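Here are a few exercises to work through with the model open beside you. Take each task on your own before reading the solution under it.

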Amino acid sequence: MAFYTFKVSKKIVSLALFLVIVVTWVFLTPSNYDVQVFGQYKPIYEGSKDKKIMAFTCNVAWGNEYIPPLLEIFKEKNVKATFFIEGRWAEKYPDLLKLIYDNGHEIGNHGYSHAHHAQLSYEQNLNEIKKAEQVIEDILGVKTTLFAPPYGEFSEQTVKAANSMNYRLIMWTIDTIDWKKPGVDYIVNKVLDNKGNGKIVLMHPTEDTVKAMPTIIDNLHREGFKITTVGELLAE
């Protein structure tokens with residue numbers, strides 16, 4: 001039997017050892033960046049699918065005339081929702097904000113000036129959230145902990161800013177696009193055709209939304225769904 005020997009330079013051995021160490025470090029060392037952006041701090045699009053629970057959210061920056069009738073429907077149907085409030089709107093209409101809160105609904109943060117958060121720096125994102133938070137707290141005495149970015153736009157800087165203030169960044173599973181005035185039937189069908197455990201429904205205070213709500217709520221209740229706030233959905 002023949003034996004062969006190969007001479008390997010010390011330089012090659014050192015390089016190979018170095019590569020092994022680097023690869024091991026990459027795979028075994030946790031990255032704070034990855035954890036924060038793509039782990040527990042990623043935007044939330046839905047809750048747990050273990051129970052028949054859905055959350056309703058309503059972004060408020062306009063549509064004042066439709067808020068009282070929407071609240072009446074929610075009260076009649078025994079539904080609580082999460083209202084994401086724009087800071088500028090809250091400053092102008094504190095009584096409407098109080099009306100929403102006094103009806104037992106959850107209040108979330110929708111930024112101060114309805115900015116395009118994906119285009120903002122970290123500091124600008126931070127300031128938008130902080131300013132809206134302060135306005136709402138001055139009016140209600142309540143600190144918001146949920147943030148829904150206007151237009152559904154966000155960037156890494158938005159996620160980092162929200163996380164630094166201990167906010168959860170909330171998106172949606174079902175978008176009614178009611179602001180486009182698609183009609184009552186469209187809104188009803190959009191929600192009922194896409195219903196499911198843990199789903200988050202996005203709406204706004206519009207005439208079509210008010211007209212669609214009774215049918216949507218009655219059908220979901222009939223099918224055994226509980227409609228609640230984002231906070232309760234996530235707690236479940």
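## Exercise 1: Strands around S2

In this predicted model, S1, helix H3 (residues 67-76) and S2 form a β-α-β unit that is right-handed.

**Task.** Find which strands pair with S2, in what sense, and over how many bridges.

**Solution.**
- Step 1: Begin with strand S1 (residues 53-60), which pairs with S2 in the parallel sense over 4 bridges.
- Step 2: To check the register on this side, look at Cys58, which stands opposite Phe83 in S2.
- Step 3: Now turn to strand S3 (residues 106-109), where the pairing with S2 is parallel over 4 bridges.
- Step 4: On this side, Ile85 has Asn109 in S3 as its bridge partner.

**Task.** Sort the residues of S2 by the way they point, and decide whether they are buried or exposed.

**Solution.**
- Step 1: Strand S2 covers residues 82-85, and Thr82 and Phe84 point one way from it.
- Step 2: Phe83 and Ile85 point the other way.
- Step 3: Residues on both sides are buried, where buried means under 20% relative accessible area.

## Exercise 2: Enclosed spaces

**Task.** Work out how many cavities of 30 Å³ or more the whole structure holds, and what lines them.

**Solution.**
- Step 1: The search of the whole structure gives 2 cavities.
- Step 2: The largest cavity holds about 40 Å³ of space, and its lining is Ser48, Asp50, Lys51, Ile53, Leu233 and Glu236.
- Step 3: Sorted by class, that lining has 2 nonpolar, 1 polar and 3 charged residues.
- Step 4: The second largest cavity also holds about 40 Å³. Phe84 belongs to its lining, together with Thr57, Asn59, Ala148, Ile170, Met171, Trp172 and Leu202.
- Step 5: Here the classes are 6 nonpolar, 2 polar and no charged.

## Exercise 3: Open pockets

**Task.** Describe the largest pocket by volume, central residues and lining classes.

**Solution.**
- Step 1: Its volume is about 260 Å³.
- Step 2: There are 16 lining residues, and the closest to the centre are Asn59, His114, Tyr151, Trp179 and His204.
- Step 3: By class, the lining has 10 nonpolar, 5 polar and 1 charged.

**Task.** Do likewise for the second largest pocket: what is its volume, and which residues line it?

**Solution.**
- Step 1: The second largest pocket has about 160 Å³.
- Step 2: Trp62, Tyr66, Asp178, Trp179, Lys181, Thr206, Glu207 and Asp208 form the lining.
- Step 3: These divide into 3 nonpolar, 1 polar and 4 charged residues.

Conventions:
Residues numbered from 1 in each chain as written. Predicted model: local features only at pLDDT ≥ 70, side-chain atom pairs only at ≥ 80, totals over all residues. Heavy atoms only, no water. 1 Å grid on protein atoms, 1.4 Å probe; cavity = no way out; pocket = protein on both sides within 12 Å on 5 of 7 lines; lining within 4 Å. Points joined across faces, edges and corners; volume = space filled by probe spheres on them. Nonpolar A, V, L, I, M, F, W, Y, C, P; charged D, E, K, R; others polar. Buried < 20%, exposed > 50% of the residue type's maximum accessible area, 1.4 Å probe, protein only. Helix = DSSP H or I, 4+ residues; strand = E, 2+ residues; numbered from the N terminus. Pairing = 2+ DSSP bridges. Right-handed = clockwise from strand over helix to strand, strands pointing away.
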